[in-house]
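These are my notes from an afternoon spent looking things up in one structure. I wanted to see how its strands and helices are arranged, and where empty space is left.

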Amino acid sequence: MALASAGGTNAQDALFDTKAKQALMVEDQTGTILYAKSPDTLIEPAALAKLMTMEVVFHALKTGEITPSTQYMVSENAWRTGGAPSGGSTMFAKLKSYISVGDLIQGVIVQSANDGCIILAEGIAGSEQKFAEIMNVRAKEIGLKSSTFTNSTGLPDPKQRVSLTDLVTLARHIKHEYPEYYRTYAQDSFTWNNIFQRNRNPLLRLDIGADGMGTGYTEQSGYGIVGATERNGRRYIVALSGLASDKERAEEAKRIFEWAYQAFEEADVFAEGEIVGEASVFGGIKSAVALKAHEKISILIPVANRDRLKAHVVYQGPLVAPLKADQPVGTLRIWIGDALVQETPVYTAEAIESGDLKKRSLDAVFELTTGWVRRLDF
């Protein structure tokens, strides 16, 4: 289920606001956008870039390119740029020592270790620059639309930018694609080189059901966070940026999670396999084809504004016969008021064979007089 383009609106903008300059909250199972505030603005990711670094590492583990026991050497560059001499977030890896991928993952996720990121990047790709190229390729493959990565750590670079929309997409992808590794984001602490460090994610200690993901800070973008919670069978993911302090970051994240659990309820829009609309067909034995989704379509709606729900089927039309059954042809878009909150692919519910010459000629005249882009309202 795709994440809709949130724009600058949200499902209950009159009932909630945040001090964050940019914000995005999504319910994970349905993909419903619950709150959005400039989520496509490009910002410096800071340490949140490490989410993309971990995606590349997890992908390499899943494909068998590396294993948790694979060991990489701590280069002078990793030690000097991200280790103890750097003064930044570090797992205090010893110069020229060897560390396993499993320990490096814990160092990066729990301790936000810059040295751990660079060690992994150099070990997998030979250099940070080449690793960043892999990051950008993977970003496009998993659906990130506007982010650019230039290093594995999130250390300042004018060309390195992300959007909150992409960060939420990335967070959802990691949780669903790599559940066995995602669990590390909930790990409370990690000791390396005899140094004990707590997880930097403040949400883990707020008793709100949090289980990940990460934080970041730059002077330009302020304090940011990507966080996830699960409670009463519902899972929410939030990304915030532009906050004034780490205290404000934790408070605002907790506040938006608590609001979401109280303000929304789940509603089924279409059952699995139910017809959601139809599309015009050119040159077929039928002039229209029924459309369906592959799965049940549910959405979270505001408790106080249930009547603001509407849906459109959008496709480039008319569709040209012959058509196969279960052919992807468009998107079901669901709105709450003026906010686009969910997009789901739709497919043909049946095959449509080509019609005879007379039928195709009549269709041609019809289309010349009616145009080619269709939207069906419910």
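**Entry 1: an unusual peptide bond.** I began with methionine 213, whose place is in strand E7. The model is a predicted one, and in it the bond that joins glycine 212 and methionine 213 is a cis peptide bond, with omega at about 15°. I then noted a second cis peptide bond, from alanine 321 to proline 322, with omega near 5°; proline 322 is found in the loop between strand E15 (319–320) and E16. While checking backbone angles I also wrote down alanine 46, which has a positive phi of about 50° although it is not a glycine, and which is found in the loop between E2 and H1.

**Entry 2: the sheet that holds E7.** In what order do the strands of the open sheet stand? I read it as E2-E1-E9-E8-E7, five strands with antiparallel pairing. Strand E2 (33–37) and E7 are at the edges, and because each has a single partner strand, one side of each is left without a neighbour in the sheet. The twist from one strand to the next averages 5°. Within this sheet I looked at strand E8 (residues 222–231) and strand E9 (residues 234–243), which run antiparallel and are joined by eight bridges; here glutamate 230 stands opposite arginine 235 in E9.

**Entry 3: helices on the sheet.** Which strands does helix H8 lie across? I found that H8 (residues 246–263) lies across E1, E2, E7, E8 and E9, and that it runs at about 145° to E9. Helix H6 (residues 164–177) lies across strand E1 (22–27), E7, E8 and E9, and its angle to E9 is also given as about 145°.

**Entry 4: the largest pocket.** I next turned to the largest pocket, in which about 400 Å³ of space lies. The lining has 20 residues, of which Ala47, Ser89, Arg200, Gly216 and Tyr217 are the closest to the centre of the pocket. E7 and H8 are the elements that give two or more residues to this lining, and E7 gives the most, with four residues. By class I recorded seven nonpolar, nine polar and four charged residues in the lining of the pocket.

**Entry 5: enclosed space.** Rolling a probe the size of a water molecule over the atoms shows where empty space is left. How many cavities of 30 Å³ or more does the structure hold? There are three, and about 150 Å³ of space lies in the largest cavity. Among the 16 residues that line the largest cavity, those closest to its centre are Val108, Ile109, Ser112, Met213 and Gly214, which brought me back to the methionine joined to glycine 212 by a cis bond. Helix H1 (50–62), helix H3 (101–111) and strand E7 (210–218) are the elements that give two or more residues to this lining. I counted its classes as nine nonpolar, five polar and two charged residues.

**Entry 6: H1 against H4.** Since H1 had come up in the cavity lining, I looked at its crossing with helix H4 (residues 114–125), where the two axes come within 11 Å and cross at roughly 40°. The crossing of H1 and H4 is left-handed. On the H1 side the contact is made by Lys50, Thr53, Met54 and Val57, and on the H4 side by Asn114, Cys117, Leu120 and Ile124. The residues of this contact divide into five nonpolar, two polar and one charged.

**Entry 7: hairpins and further strands.** Strand E5 (residues 189–192) and strand E6 (residues 195–198) pair in the antiparallel sense over four bridges, and serine 189 has arginine 198 as its bridge partner in E6. They form a hairpin with two residues between the strands, and asparagine 193 in the turn has a positive phi of about 55°.

Farther along the chain I looked at E16 and strand E17 (residues 339–348), which run antiparallel with eight bridges joining them; proline 328 has tyrosine 347 as its bridge partner in E17. E16 and E17 form a hairpin with two residues between them, and glycine 337 in that turn has a positive phi of about 65°. Strand E16 (residues 328–336) is also joined to strand E14 (residues 309–316), by six bridges in the antiparallel sense, and alanine 311 stands opposite isoleucine 334 in E16.

Definitions and conventions. Residues are numbered from 1 along each chain as its sequence is written. This is a predicted model: local features need pLDDT of at least 70, side-chain atom pairs count only at pLDDT 80 or more; totals for chains, interfaces and linings use all residues. Side-chain values use heavy atoms; hydrogens and water are left out. On a 1 Å grid over the protein atoms alone, a cavity is a set of points where a 1.4 Å probe fits but cannot get out, and a pocket is an open set with protein on both sides within 12 Å along at least five of seven lines; lining residues have an atom within 4 Å of a point. Grid points are joined across faces, edges and corners, and a volume is the space filled by probe spheres set on the points. Ala, Val, Leu, Ile, Met, Phe, Trp, Tyr, Cys and Pro count as nonpolar, Asp, Glu, Lys and Arg as charged, and the others, Gly among them, as polar. Axes are lines fitted to C-alpha atoms, for helices over the stretch in contact, and angles run from 0 to 180 degrees between N-to-C directions. A crossing is left-handed if the near helix is turned anticlockwise from the far one by less than a right angle, and right-handed if clockwise. Contact means heavy atoms within 4.5 Å. Two strands pair if DSSP finds at least two bridges between them.
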